[in-house]
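Please walk through this model with an eye to its charged pairs, its helices and its surface.

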Amino acid sequence: MSENLDKSHRNKAGESKPSDSEQGLGGTLERSDEALQKEVKSDAPSPQRVGRPHSSPPRLVTVEELLETAKGVTNMALAHEIVVNGDFRINTVELAEGSLEKRVKEIVHKAFWDCLSVQLSEDPPTYDHAIKLVGEIKETLLSFLLPGHTRLRNQITEVLDLELIKQEAENGALDISKLAEFIIGMMGTLCAPARDEEVKKLKDIKEIVPLFRAIFSVLDLMKVDMANFAITSIRPHLMQQSVEYERKKFQEVLEKQPNSLDFVTQWLEEASNDLLTQKYKHALPAGGGAAGSGDAPVLTPLSVQNYAYLKLLKWDHFRRPFPEARFQELQLQLEQLAVLGAVLLVTFSTAAPGISGQAGFAEKLKMTVKILLMDMHLPSFHLEDALTSIGEKVCLEVRSCLCGSSPFSSNKETVLKGQVQALASPDDPIRRIVESRILTFLETYLASSHQKLLPTVPGGLGPIQKELEEIAVKFVRLVNYNKMVFCPYYDTILSKLLLRP
């Protein structure tokens, strides 16, 4: 099937660019829990509402409706990103060096801290600003607590009692250093292990103003840590709500733009036709005559959907962009992996017997080639030039590895460099074999995704097994989540396509 995917991809290359209506389908992702799929499917919209509305007349929409739709799509995209992307994290904002925003921020912060320094230098000291800062710190520390942290909550409330602190300040009895010591200790209790070092450094700061600045800096990092911890904790519980939310939002978009399903209908129709053609060919005897049984091949909705998803890994995403951008990301990763696997395959086949089994050599060579292919997805990347460098580097590594044993002849070196250079062509036989085996592996895993064990990696792909399995898990999670969200629409479309004579 994987070779047919290549042919189908090349045959479609001349098709025209789709209209904007092809962007209507929402996001996609993870988890193939059958019970959840059944529960989600039971909440599906009525199939009558999901027809193929080619003849739907255009209607005028108001600016308010457009803004409302845009907001809904934005919220749907954010919810989708949190659930779908296991690596989704909130990061601190780093302003560009020399930018206006950074300069303004530095000026404002300097003015604030200078004011605090002036107040604390007065005789007697004025603690108005300092007490406000303690109040902000108190609220931040309390926000880190879970419902069961009763003792810690009581400690923070008691020690950082602002009314009591104000009275102490008025009576000249306030020990700001003691408050800072308590705050640092509480931060050490509540922070993630990764922040222990930053909290420990706070104890070495003796001056009050620099200490408060450093405390707020570390608290900002702790806020980010807490937010990411919360996202990780609630992600499994968000799955059900996310599926329902995305489907609801897409239904709202569909009602405002009835042609939003045209593209996905075309996508499934192409997959159905491609599969039907393949099955007819396989049903014919070697002589090319009619099949013995005379029965037409039977397609199932599941087989068509799975094949349609595999087509997205050989899809022209620039001319016909699929709404879920992660399929394009996976396609780029697989292209890079195929070239990496092909380079390793020709190296271990050409260089010398058993070289791949030498301790650490295969992994070292793989990391070297991966680094040189790292920017393969960039428009400025030239694969031919990169493969020339890779050929030189591979030969150097092989010579170094074989030093003291069988020599690496100049003839073999020339052959190896030529084979590596030839991989720049998508039609190179070795590269196509690697790509075909990768797609076969993904096809097998997708068909058996209800099983926890991954299928056996095809021959020749052993050196890239780890990377291939990681991509396979991402691909199947993406497919399963997409099915969970949009299965009612897919089922309605396929029920019509597969019933056609």
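In this predicted model, glutamate 270 has a relative accessible area of 9% and therefore counts as buried, since the cut-off for that class is under 20%. Its salt-bridge partner is arginine 320, with the N to O distance given as 2.7 Å, and arginine 320, at 5% relative accessibility, counts as buried too. Glutamate 270 belongs to helix α11 (residues 262-283), whereas arginine 320 lies in the loop between α12 and α13 (326-350), so the pair ties together parts that are 50 residues apart in sequence. Elsewhere, Glu363, Lys366, Lys370 and Glu467 are joined into one network by salt bridges that share partners.

Arginine 195 and aspartate 225 form another salt bridge, in which the closest N and O atoms are 2.7 Å apart. Because arginine 195 sits in the loop between α8 (176-190) and α9 (196-202) while aspartate 225 sits in helix α10, this pair ties together parts that are 30 residues apart in sequence. Arginine 195 counts as buried at 17% relative accessibility, and aspartate 225 counts as buried at 16%.

What separates lysine 110 and aspartate 114 along helix α4? They are four residues apart in that helix, which means a separation of about one helical turn. As a general matter, an α-helix has 3.6 residues a turn, so residues three or four places apart point the same way. Lysine 110 and aspartate 114 do form a salt bridge, with their closest N and O atoms 2.9 Å apart, and aspartate 114, at 36% relative accessibility, counts as partly exposed. Counted by the distance rule, the salt bridges come to 21.

Helix α4, which spans residues 100-121, also includes leucine 100. Leucine 100 is exposed, because its relative accessible area of 57% is over the 50% cut-off. Together with Val104 and Val108, Leu100 makes a nonpolar surface patch of about 280 Å².

The second largest pocket brings helix α4 in again, and its volume is about 590 Å³. Elements giving two or more residues to the lining of this pocket are α4 and α10 (208-256), and α4 gives the most, with six residues. The lining consists of 15 residues, and those nearest the centre of the pocket are Lys105, His109, Phe216, Ser217 and Asp220. Sorted by class, the lining of the second largest pocket holds six nonpolar, three polar and six charged residues.

Is helix α12 (residues 301-311) mostly covered or mostly uncovered? Helix α12 is mostly covered, with eight of its eleven residues buried. The buried residues of α12 are Val304, Gln305, Asn306, Tyr307, Ala308, Tyr309, Leu310 and Lys311.

A last pair of positions concerns distance in sequence and in space. Serine 495, found in helix α18 (residues 465-497), is 195 residues from threonine 300 in sequence, yet the two are 9.5 Å apart in space, C-alpha to C-alpha. Serine 495 has a relative accessible area of 36% and is therefore partly exposed, as this value falls between the 20% and 50% cut-offs.

Terms used: Residues are numbered from 1 along each chain as its sequence is written. This is a predicted model: local features need pLDDT of at least 70, side-chain atom pairs count only at pLDDT 80 or more; totals for chains, interfaces and linings use all residues. Side-chain values use heavy atoms; hydrogens and water are left out. Patches are made of residues with over 30% relative accessible area and no salt bridge: like charges are joined within 9 Å, nonpolar side chains (Val, Leu, Ile, Met, Phe, Trp, Tyr) within 5 Å. Accessible areas come from the Shrake-Rupley method with a 1.4 Å probe; for residues, only the protein chains shown count as cover. A salt bridge is a side-chain nitrogen of Lys or Arg within 4 Å of a carboxyl oxygen of Asp or Glu. Buried means under 20% relative accessible area, exposed over 50%, partly exposed in between (1.4 Å probe, protein chains only). On a 1 Å grid over the protein atoms alone, a cavity is a set of points where a 1.4 Å probe fits but cannot get out, and a pocket is an open set with protein on both sides within 12 Å along at least five of seven lines; lining residues have an atom within 4 Å of a point. Grid points are joined across faces, edges and corners, and a volume is the space filled by probe spheres set on the points. Ala, Val, Leu, Ile, Met, Phe, Trp, Tyr, Cys and Pro count as nonpolar, Asp, Glu, Lys and Arg as charged, and the others, Gly among them, as polar.
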